[in-house]
Amino acid sequence: MRRTDEVEAEVNSWVADRLVDQLPDGATVIDVGSGSGGMSAAFAAALAVRGGGRIVLVDAVPELQTAAGEAVAAVAGDKVELVAVLADAADPALAEQVPAGDLVWASRVLHHLPDERQGIAGLVRLLKPGGSLALAEGGLTTRCLPWDIGLGEPGLQDRLTAAQTTWFAEMRAGIEGAVRMPYGWNRALAEAGLTDVGAFSYLVDLPAPASPAVRESVAHWLAWMAKVGEDRLSASDLDALARLMDPDGPDWVGHRDDVFVLSANTIHQGRLA
């Protein structure tokens, strides 16, 4: 998570600035599923420039919450009040534990909940009147490899994407009590009672030749994709991945100057009247 925060710091800052610019002075921003704090720190920096405010970190993992708190303190010092709430996003009593927010942010959280619409309703309860909910969900799948990498068959990236799509569908189906949401996030936000519903997308564009940090992030992304594709990829593709991930071998992805990161993320927004 910290590695992703590092390589995406610039775009995180751009997103945070755009969202915070819509808020009143001294705003409270709630980061639900704050992870290692990349976006929390970006929000804190944006609030600090505007004179301060409050960041509320909501996560169920103490170690991650500690890391996020350190990230916020590093960029905002005492200009931004920090509140840490150890809780799960699916907790029906979350609104009783969290101060009301001018902005509630949740990145790639809701698709892990059994009922995504119920999850949205829970996040809406965290808002002040006039407050905004922003969800980072969907976009375009990450790409990081040339079409032909010289290992196995060409087109490995496309097969990784297909395996990830299959894995995601199986992950959703395997969640106990899972409820399908058969339409887009904009409709779900509107049905939750939010107004001014809209969306915007942004690119994570880190072209080749990439920095060592980006190459390392690609190596870790490929390791995760190898787990995702363990039962969904051919032996040839799994062998190619193993060779790309071997830092002691001649094909380690970290030595390649032709890897990159290109993806598109979408932010869905709505306001509580």
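How many bridges join E6 to strand E7, and which way do the two run? Ten bridges hold the pair together, and the strands run antiparallel. Keep in mind that what you're looking at is a predicted model. To pin that pairing to actual residues, look for serine 201: its bridge partner in E7 is threonine 266. E7 itself covers residues 261-271.

Now zoom out to the whole sheet. Seven strands make it up, ordered E3-E2-E1-E4-E5-E7-E6, and the sheet is open with mixed pairing. As background, strands of a sheet pair through backbone hydrogen bonds, either parallel or antiparallel. At the edges sit strand E3 (80-86) and strand E6 (195-206), each of which pairs on one side only. Going from one strand to its neighbour, the turn is 20° on average if you ignore direction.

Helices lie across this sheet. Helix H4, residues 62-76, lies across strand E2 (53-59) and E3, and its angle to E2 is about 160°. Helix H6, residues 116-124, lies across strand E1 (28-32), strand E4 (101-107) and strand E5 (127-143), and makes an angle of about 140° with E5. In total the protein has ten helices and seven strands.

What about the overall dimensions? The C-alpha atoms fill a box of roughly 55 × 40 × 30 Å along the principal axes. The radius of gyration is 20 Å, which agrees with the value near 19 Å for a compact globule, because that is what the rule gives for 273 residues. Of those 273 residues, 48% count as buried. The accessible surface comes to about 13,000 Å², and carbon and sulfur atoms account for 53% of that. The contacts reach a long way along the chain, too: among those between residues at least 6 apart in sequence, 79% join residues at least 24 apart.

A nice example of such reach comes from the aromatic rings, which form five pairs. One of them joins phenylalanine 43 and tryptophan 105 edge-to-face, with 5.6 Å centre to centre and 70° between the planes. Phenylalanine 43 sits in helix H3 (residues 38-49) and tryptophan 105 in strand E4, so 62 residues separate them, and the pair links distant parts of the chain. Both residues are buried. Elsewhere, ring pairs tie Trp14, Phe200 and Tyr202 into a cluster.

Helix H3 also holds serine 40. Is this serine buried or exposed? Its relative accessible area is 0%, so serine 40 counts as buried. Setting aside neighbours within four places in sequence, serine 40 is in contact with Asp31, Ser34, Ile55, Leu57 and Val72.

Finally, some backbone oddities. Most residues other than glycine have a negative phi, and most peptide bonds are trans. Against that background, alanine 208 and proline 209 are joined by a cis peptide bond, with omega about 0°. Proline 209 lies in the loop between E6 and helix H9 (212-228). Arginine 108 has a positive phi of about 55° without being a glycine. You'll find arginine 108 in the loop between E4 and H6, and with a relative accessible area of 40% this arginine is partly exposed. Aspartate 196 has a positive phi as well, near 50°, but its place is in strand E6. At 57% relative accessibility, aspartate 196 counts as exposed, because the cut-off is over 50%.

How values were computed. Residues numbered from 1 in each chain as written. Predicted model: local features only at pLDDT ≥ 70, side-chain atom pairs only at ≥ 80, totals over all residues. Heavy atoms only, no water. Pairing = 2+ DSSP bridges. Helix = DSSP H or I, 4+ residues; strand = E, 2+ residues; numbered from the N terminus. Axes fitted to C-alpha atoms, helices over the stretch in contact; angles between N-to-C directions. Contact = heavy atoms within 4.5 Å. Rg over C-alpha atoms; globule rule 2.2 N^0.38 Å. Buried < 20%, exposed > 50% of the residue type's maximum accessible area, 1.4 Å probe, protein only. Areas by Shrake-Rupley, 256 points an atom, 1.4 Å probe, with all protein chains shown as cover. Phe/Tyr/Trp six-rings, centres within 6.5 Å; stacked < 30°, edge-to-face > 60°.
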